[in-house]
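Let's take a friendly walk through this structure together, one region at a time. Have your viewer ready and follow along.

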Amino acid sequence: MLLFVAACQPEDPGALQEPAVRVQVATVVKRTMAETVRGIGTLRALNTVEIRPEIAGRITRIGFEEGGQVKAGDVLFELDTRKLEQELASARAALAAARARRENAERELRRVERLFQQQVISEDAMDQAATALESATADVDRLEAEVSLAEERLADATVRAPFAGSISEALVDVGDYVQSGALLATLYQTDVLEIEFTLPERHTGRIEVGQEVALTVSAYPERTFSARTTFVSPSVDDRSRDFLVKARLENPDALLKPGTFATALLTVRHREDALVIPEQALIATRAGYMVFIVGENGSAVARPVEIGLREPGLVQITEGLSAGERVVKTGHLRVADGTPLEVVAADGTSVEGV
C-alpha cells in the first residue's frame, strides 16, 4: 500500500520571518572637529619659595594659618628682637657721640686755620687738626654703617611673604630657636600655575607658543581648564624622541593645587564638515571597523568604515558613510547583515516611519 504524505504549508506566510531587533540609531552628521594632541604632566606653582630666616633667633610669633592664603608683605614669622633692639640702641648712641666729636673736630680745624693764617701756629699743628677731623669723620661713617646693619638685622627678625600665594605647614613652633637659613615653610604662587609635558617629535612643526591648551584633572572630572603654551623646546630629546612643552593657566580661586596630575589637550587644527557618528556605533573587526546602517527596507546593512579624529563620545568617518544615513547606535550586538530592525527611542518607544 502506497502512502502519500503531503507537505504542511504554513497558514501565515510571514510566520517564519525573522523577528525585528529593537535598536537605537543615530544620523550621520557633518560638524567641525578639532584635531588634538594629548600630553600628560604635573601642575606646578609658577614661583615656589622656601621661607628661611636671614638671622638666628627664637620664634615668637607665627602669623599665618597653615595651608591658607597670604598676601605679599604679610608677616609669616617673627623672631625675638630684644637683643637686636639693644644692639641698635647702642650703635645709635655711639653714632651720636661720634657725630659730636666730628663737630668739635670741625670747629677746632676752623680755629686752627685762622691762627695759621695769622701765623700764630705752625703748619704741623694745622695738619694735626685736619687729621683729627678725618678720624672723627671716619668714625661717624663706620658707626652709620653699624647702625644701618643693626636696623637691617632688626628688620630681618620679621619674615614677610615675598608674594601672594598659598603657604605650607609651619615647620617650627613658637619658642623654637632657629639658625640662619633654617627652613620654616614653603610659599607657592598659586594664582598662576604651570604644567610641563612632552610630545612626540612628529608634532614639532605643529606646536607653537600661544596655542590654547585644555586641561583636565581628576579632582574636577566635569570641568576643563584653559591654558596657553608659553614654551616649546627648540630641541628633541635624542633618547625619548620627545620635546618639552610648557603652558600656564590662571588659577585665581586656587581650585587647582601644585602637584596635581593633569592631562593637556592641544588643538592643532580644525577639520570642517567632518562626518561624525557616536563612538558606540563602531564595531571593531579584524580588518578594522564597521557599522550597521538602516537599509531602505528597514533591515540592517553591514558597512565597513574608515575612521579619523576622535572626540569624547564621537568619531569621524573618513570613508564608508554619507551624511544623513542612519547607523545603529545601541543593540547592534544582536544584529547581523539583513536583520530586520525596529528603531526605538531612548525611552524604548517605537519610532514611526522607519
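The model you see is predicted. A good place to begin is T186, which sits in strand β10, a stretch covering residues 185-188. Is T186 buried or exposed? Its relative accessibility is 12%, and because buried means under 20%, T186 counts as buried. Which residues does T186 touch, once those up to four places away in sequence are set aside? They fall into two runs of numbering: T48, V49 and E50, and then S166, I167 and S168.

Now let's turn to the nonpolar interior. The largest nonpolar core has 21 residues, and the members that touch the most others are L43, I195, L215 and L249. Several strands feed this core with at least two residues each: β2 (29-45), β11 (192-200), β12 (212-217), β13 (225-232), β14 (242-250) and β15 (261-278). Another core, of 20 residues, lies apart from it, and I51, L76, F163 and L187 are among its members.

It is worth selecting L43 for a closer look. Leaving out residues up to four places away in sequence, L43 is in contact with L193, E194, I195, L215, V217 and L249. The contacts of L43 also take in L256, K257, P258, G259, T260 and A262.

Next come the helices. Helix α1 spans residues 82-117 and helix α2 spans residues 123-156; their axes are 8 Å apart and the packing angle is about 160°. Angles over 145 degrees count as roughly antiparallel, and therefore α1 and α2 are roughly antiparallel to each other. The crossing of α1 past α2 is left-handed.

From the helices, let's move to a sheet. Here 4 strands make an open sheet with antiparallel pairing, in the order β7-β6-β4-β9. The edges belong to β7 (158-160) and β9 (177-178); each has a single partner strand, so one side of each is left without a neighbour in the sheet. Within this sheet, strand β4 (residues 57-62) and strand β6 (residues 75-79) run antiparallel and are joined by 3 bridges. One pair to look up is I59 with its bridge partner L79 in β6.

Finally, look at strand β1. With strand β21 (residues 341-343), β1 (residues 21-27) runs parallel, and 3 bridges join the two; V21 stands opposite L341 of β21. With strand β20 (residues 326-330), β1 runs antiparallel through 4 bridges, and there A26 has V327 as its bridge partner.

Terms used
Residues are numbered from 1 along each chain as its sequence is written. This is a predicted model: local features need pLDDT of at least 70, side-chain atom pairs count only at pLDDT 80 or more; totals for chains, interfaces and linings use all residues. Side-chain values use heavy atoms; hydrogens and water are left out. A nonpolar core is a set of buried Ala, Val, Leu, Ile, Met, Phe, Trp, Tyr and Cys residues joined through side-chain atoms within 4.5 Å. Buried means under 20% relative accessible area, exposed over 50%, partly exposed in between (1.4 Å probe, protein chains only). Contact means heavy atoms within 4.5 Å. Two strands pair if DSSP finds at least two bridges between them. Axes are lines fitted to C-alpha atoms, for helices over the stretch in contact, and angles run from 0 to 180 degrees between N-to-C directions. Angles under 35 degrees count as roughly parallel, over 145 as roughly antiparallel, 65 to 115 as roughly perpendicular and the rest as oblique. A crossing is left-handed if the near helix is turned anticlockwise from the far one by less than a right angle, and right-handed if clockwise.
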